[in-house]
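Me: Could you take me through one small part of this model up close, and then show me what else is worth finding around the rest of it? I'm new to this, so please go slowly.

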Amino acid sequence: MPEIKVTPLGAGQDVGRSCILVSIGGKNIMLDCGMHMGYNDDRRFPDFSYITQNGRLTDFLDCVIISHFHLDHCGALPYMSEMVGYDGPIYMTHPTKAICPILLEDFRKITVDKKGETNFFTSQMIKDCMKKVVPLNLHQTVQVDDELELKAYYAGHVLGAAMVLIKVGSESVVYTGDYNMTPDRHLGAAWIDKCRPDILISESTYATTIRDSKRCRERDFLKKVHESIERGGKVLIPVFALGRAQELCILLETFWERMNLKAPIYFSTGLTEKANHYYKLFITWTNQKIRKTFVQRNMFEFKHIKAFDRSYADNPGPMVVFATPGMLHAGQSLQIFKKWAGNEKNMVIMPGYCVQGTIGHKILNGQRKLEMEGRSTLDVKLQVEYMSFSAHADAKGIMQLIRMAEPRNMLLVHGEALKMEFLKGKIEQEFNIDCYMPANGETITVSTNPSVPVDISLNLLKREMALGGPLPDPKKPRTMHGTLIMKENSMKLVSSEQALKELGLNEHQLRFTCRVQLQDPHSDLDTLHRIYTHLKSLLKGYTIQHVPDGTVMVESIVIKVSSSAEDPNNKVLLLSWSYQDEDLGSFLSSLLKKGLPSGLC
Amino acid sequence: KKLILVFLYCLSGHPTLPCNVLKFKSTTIMLDCALDTTSVLNYLPLPLVHSPRLSKLPGWISKDGTINLEKELKECAGRLFVDSQPEFCLPEKELLDLSTIDVILISNYHCMMALPYITEHTGFTGTVYATEPTLQIGRLLMEELVKFMERVPKAQSATCWKNKEIQRMLPGPLKDAVEVWTWKRCYSMQEVNSALSKVQLVGYSQKVELFGAVQISPLSSGYSLGSSNWIIQSHHEKVSYVSGSSLLTTHPQPMDQSSLKNSDVLILTGLTQMPTANPDGMLGEFCSNLAMTIRAGGNVLVPCYSSGVIYDLLECLYQFIDSANLGTTPFYFISPVANSSLEFSQIFAEWLCHNKQTKVYLPEPPFPHAELIQTNKLKHYPSIHGDFSSDFKQPCVVFTGHPSLRFGDVVHFMELWGKSNLNTIIFTEPDFSYLDALAPYQPLAMKCVYCPIDTRLNFHQVSKLLKEVQPLHVVCPDQYTQPPPSQSHRSDLMLELQPPPMPYRRCSVLNLPFRRCYERVYILPELANSLVPSELKPGVSVANVSAILHSKDNKHTLQVTPAPPSKKRKRVVEEPPVGGAPKPLLSGAVPLEPFLATLQKHGITEVKVEETTDGHILHLQAEDTLIQLEEDGTHIVCDNNEPLRTTIRDLVLRFLQKL
C-alpha cells in the first residue's frame, strides 16, 4: 500500500529551524530550511547528514519549498544549497524571493562581521542560492516534473507567506508554514480550498492559546505606549524588519495622527525605507482594504515614523523606537535595550514569540538580572510587556483550517511539545482523525489509499448508463462488468469483447452438453411444451422461448427432446450451454433430472 | 468511435473583439465578451466644451425632401453622422438564452467591455473568471468609458435613422451599418460594479473545476498585463481558446505555448489587425515624428487607451527623451483613470516579463514611468478641467482617449489643434480606421501620422505556433480564411491549414468535431485491492472487474459490489441463480498433452484420443464422457455426472485466459 513519510529535521516539537522532509509517491521534498535563533553552534542549522552522509543533496531531493522569509524558515538555505550542495529547484513566492536574500545577508553580516565567525556562507553564496529559486504564484499549479505538482495558497503570516499543497497522483500533503486565520491591519487571512490532503502539516506556535480579540490587544498596546510616553519614558519595540513592524507602524501612525502626539517614532536600520517599498510593490499581497485604497493613499508611506540614528538613543525625552531583531538576540535592538534597561520609566514591548536562549525569552520569563558577554551583568529595571502580535493561528484558527482543508491525517510541527499534546487531543476528538507530532529525526508513516484512475470505454459506460436509466443518477448504483487492461502506464476498462479485440485474441468457446433421461408419457412435442411451461413458471426474469424448430431456449441454453425407439415414454433431453451460462445450465440440468411435476398441461 | 456534440455559438463576428459560447459536456462557457465600439464612428464627437463648428453642421434632409432627419443626422465634409450619444454594437443576444451561461472566461481587459450587457438584466447567474490585472484594468477602462459618456450628457437618443426603410435611403457608410437595432448606449457605473462583482480571480496555470466535468485553466498569452489564453478540458477532450496573444517581448509575461499542445480543437481569435506593420518599426516612426513636431514648435496628440501600449510608449520615450533633447517638453496623460492606470501597472510584478519582475526585487518600480512622474516630465490629470488648465504649457505631447476620437478629452484637443499644420496627431491604436476617426473633423490642417502598434500574433507567427502545438482542428473567424479585401493578392495574410480551419461569422453555430472513446473513472481502493490481475504477455495484464458504478457530479467511481444477503443452503437448488458476475470470456487453446497429463493427475486415466480435422476428441471411457478439443473451442459432453463435469470444466479453464 502506498505511504507518505514525514520527518522533521527541525521544528519537530520545537519552534525554530523549520525543516521537514516529506516522501510522497516516490518524490522527496524539503519543506523550509530554517535556522534556530536560540543556538550559535551546529544546532543552529538542521542536520542534513540525515539525508545523506556523504555529499550533495541534489540526488536525494526533488525540490525545496520555502514558505516565507523569516529566518527560522529560510536561514539555512544558502548553507544547504551552496555548502552542503543542492542544485535542484527551490520554490518560493515572489515577495519571499525578493525579501529573503536581504534578511539572509543581514543575518550573515551579524554572524560573520560582528561575531567574527568563519566557515559561514558568503554573500556570493546567497546570490548563487537565489539563482536556484523558481517563483510561485498563488493558486498556480506548478509542475515540478511530470508527477509532482505544487499549488500555493495565501497564508497571511507575513508578506508573501504561503501554504503549499504537494500532490503526486491522488496523494497529497499540505504544509502550512506559518499562517494567520484573522486578517490584520496589513495582511489578509489564510485561505485554502477543500483539498482533502492525506496529511496536513500545520504549525502550532499558539496551540493552546485562544487569543482575545485583536482590537483589545491593539487598544492595550496603544494605551501602554501612550502612558509610557506621557511619563517621559522611552519605548523599545524589538521587531523583525518586515512583517509585524509594518502592522505596528500603521497602528501607531494612525494613533499619533488621531491623538496629535508629538513624541518621535523611529525605525532602526536602513531597511525601513526599503522594506516599505517592498510593501508598496507587492500591494496585491496585502489585505483587501489596503489594496483598494492604495491609489489614493499608500498605507506604507508614513508621516510620523522617521529613520533612527544610533545617537538618538541618548536623546532626552520620550520616544518610540522600532529596532531589529525581534528577539533581542543581537544587533541594534539589543544595544538600545542595554542602554535603556536601567530606567524604570522605560518600557520594552515584545510583540512576538521569542525562542529559548534569546534575551527576549529570558526577560519575558521574568529574569531581571542578565548575564552579558564579558561576565558583566545587566539589571533589568524597565517595564517588560508582552503583546502577541505575531501572526500565527491560535488553537481556534488551526481548527478552522482543518475544517477548510478536511485532511485525512494531521501532523503538528513548529510548537512546544506540551502544547502540541493538548491540541493533538483536541483535534483527534473533534475531527476523529489521527494527529501526529514527531520529534526531530522521527519519521511518521501514513498509508494512503488512493483511488486508481482508469479510462473506461465510452461504449461500456454508455451501456451501463443505459441500463441504469437516464444519465447521471447518483442514487441508483449499477453493477457493471468489464475487463481492465493494464499496459505500461495506461489502464483501460473495456467490455470483455472489446478486450479480446484490442489484445488481438481469439475467443475460446467452452460448451457443455448434457443428456437427461426423463419418463414422460407424452409426445416429444408435448413434453417440450411441458418443459417450457414448467420453466416459465419457475424462472422469473429470464428470457424463455419456445422456438418452432423444436427447441426451448432459456437465455442461450438450448433444450431438445427426443425419445428412444424402444420406449416412447422414455425421453432424452439434450441440454447444451456455453460457459457464459454455466450457472444456469448447471441449474437446469439438475432441475430437469428431477422430472416434470404432474398437472402441467 | 462516438461523436459527441460540442457546439460553438458565435455571438460576434469581429475577429479581435470576440464573444463565443462553447457548450461542452453539459457546461455552457462564454469565451470573452468584447464590445464592438467601431459603431461609434458613425456618431458626431462629444465635445467637452461647446463647439461652434459642430453645432453649426447642417442637418440632413433626403434629396426629394420626403425624409427630414435634421435633428438626428448632421453632415460634415460630405459624410453623415448621427447626433446622439454614441452607441455600441453588442454581442448577439438572440442566438441562445444568455441566462443559461454557466461561466464567462475573459482573456484580456480589451475583451470584457460588454460584460455588463451580458451579466446584467439577462438572468445571468454564473461566474466570470479573469486574472487580477485583467479585472483591475478592465474596471478602469469601463470606468473611463462611463465617465467619458456621463461628462457630456446628451438627452436625445437618435432612433429614427435606424428604421429599415429610412436607413436604406441614407448615404454610406450609415446605409451599410449592420445590426443597428442591437446598438446600445453605454452602461452605468452601477452596472459595471455589479458585473465585476461576479468575477472570480484566477492565476496563470491555476486549474479550476467546473461541475466536476470540465477543468479550465488560464495561460499567459503575452499580449497585455494578465492576458490569458484558456484551456478547457476533461480527461479526454481538450479545447484551447487562443485570444490576443503576442510573442514580442513587451511588458507582459511571455506567452505559454507548450500548454496548448494536444488540443482536439483550437479556437483562434485576436490576431494582429495590422499584419503588415512591424510594431518595432512603428515605435521608431512614432518617436521620430513626435520629435520632429516638437522641434518645429508644434504639439503632438496621441489618442490612446489608458492601459496597454501606452506603457510601452512611455518606456520608449523614457529612453528617447534625453537623446532627442526633449527633456523640457511636458508630457501629459489625461484620463479619468490615468493615475490609477499608472499606479496599477507597478503592482503586478508577477504578471510581468522577467526583466521587469527582477526590478521589484531591488526594490524598484518595474516601469520607468514612475521616474518620469517623479522628475515631472510626465504629468497626469483626470481631465482637461481643473489643474491641467493652469499647468498646460505648449508645445507638448498629450496622451489621451478615446482612440475613436468621438468622446473623451481627445475631442477637445482635436478642436484646439486641428487647424494648425504645426501640430501632429499620431495614431497608435489599431482598433479604428484613422480616416474614419478623423472624418468629422475635416477639413483638417494638422498632420496625421498612422503608426498602429499591434503586438498580437501575425499570420507567420500563428502558422509557426500551430505547427508547434498541432491541434486536430482549428476554428477561426471567417476573416482569417481569406486575404484582407484590400490586399486580395496576399495569400500569406491568411490561415492555410490542413485540415482547413472551420470559419465562423456572427450568428454561426458550429458543431465541433470531437471523437472520443474514453471517460475517466476512479476505482476505489477497496475494489482496486480485490482485483486479481493476470499477465497475458510481458507488460500486459488484465483483470476482470465487476463493480458498482456511481456517477455523481459528473464523476464516475467504481466500488465493490455489496455481498448478496446470505441465503440458506437448502434453497440453492430450488432457486435459479440470480445476478452475480457474468462469466468472463475465454481465450487461448487447450493443448492436448498437458491436458491429458492434468486429467491423469486427477485420476482420469482411461482416455482414448481420436484425431479429427480440427483437433481431437477425448473419450473418457470409464465415465462415458467426451471432450472435444479444438483450436477455438472445447465441448464437454457429460451426462448424469455433475461432479465430473465440473472437474473437467475447471481443468479446462486452467489452460485458458479469462477476460
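Reply: Let's begin at A:Q13, which sits in the loop between strand 1 (3-10) and strand 2 (19-24) of chain A. Keep in mind that you are looking at a predicted model. What makes A:Q13 worth a stop is its backbone: phi is near 50 degrees, which is a positive value in a residue that isn't glycine. Is A:Q13 buried, exposed or partly exposed? Its relative accessible area is 28%, and since buried would need under 20% and exposed over 50%, A:Q13 counts as partly exposed.

You can find a similar case in chain B. There, B:E179 has a phi near 55 degrees, again positive in a residue other than glycine. B:E179 lies in the loop between helix 4 (164-169) and helix 5 (189-196) of chain B. With a relative accessible area of 34%, B:E179 is partly exposed.

While you're checking backbones in chain B, look for cis peptide bonds. One joins B:L362 and B:P363, with omega at about -10 degrees. B:P363 belongs to the loop between helix 9 (354-360) and helix 10 (369-374) of chain B. Another cis bond runs from B:G401 to B:H402, and there omega is near 10 degrees. B:H402 falls in the loop between strand 18 (397-400) and helix 12 of chain B.

That loop leads us to helix 12 (residues 410-417) of chain B, where six of the eight residues are buried. Those six are B:V410, B:V411, B:F413, B:M414, B:E415 and B:W417.

Now back to chain A, for a sheet. It is an open one with seven strands in the order 7-8-9-10-11-20-21, and the pairing is mixed. At the edges you'll find strand 7 (141-143) and strand 21 (434-436) of chain A, each paired on one side only. On average, neighbouring strands in this sheet are turned by 20 degrees against each other, ignoring direction. Zoom in on strand 9 (residues 162-168) and strand 10 (residues 171-175) of chain A: they run antiparallel and are joined by five bridges. To pick out one pair, A:I166 has A:V173 in strand 10 of chain A as its bridge partner.

Helices pack here too. Helix 11 (residues 395-405) of chain A lies across strand 9, strand 11 (199-203) and strand 20 (409-413) of chain A, at about 160 degrees to strand 11 of chain A. Helix 12 (residues 417-431) of chain A also packs on the sheet, where it touches strand 20 and strand 21 of chain A; its direction makes about 165 degrees with that of strand 20 of chain A.

Zoom out, and the domain assignment splits chain A into domain 1 (3-210 + 392-447), domain 2 (214-386), domain 3 (452-469 + 481-507) and domain 4 (511-593). The C-alpha centres of domain 1 and domain 3 of chain A are 43 Å apart.

Finally, see how the chains meet. The contact takes in 89 residues from chain A and 97 residues from chain B. Together the chains bury about 7,800 Å², of which 58% is on carbon and sulfur atoms. B:Y361, B:Y518 and B:K583 supply 9% of the area that chain B buries against chain A, more than any other three residues. How many salt bridges are there between chain B and chain A? The count is six. One to look up is A:R515 with B:D639, where the closest N and O atoms are 2.7 Å apart.

Terms used: Residues are numbered from 1 along each chain as its sequence is written. Chains are lettered from A and ligands numbered from 1 in the order in which they are written. This is a predicted model: local features need pLDDT of at least 70, side-chain atom pairs count only at pLDDT 80 or more; totals for chains, interfaces and linings use all residues. Side-chain values use heavy atoms; hydrogens and water are left out. Domain bounds come from an automatic or database domain assignment. Buried means under 20% relative accessible area, exposed over 50%, partly exposed in between (1.4 Å probe, protein chains only). Helices (H or I, at least four residues) and strands (E, at least two) are DSSP runs, numbered from the N terminus. Two strands pair if DSSP finds at least two bridges between them. Axes are lines fitted to C-alpha atoms, for helices over the stretch in contact, and angles run from 0 to 180 degrees between N-to-C directions. Contact means heavy atoms within 4.5 Å. Buried area is the accessible area (1.4 Å probe) that two parts lose on being put together, summed over both. A salt bridge is a side-chain nitrogen of Lys or Arg within 4 Å of a carboxyl oxygen of Asp or Glu.
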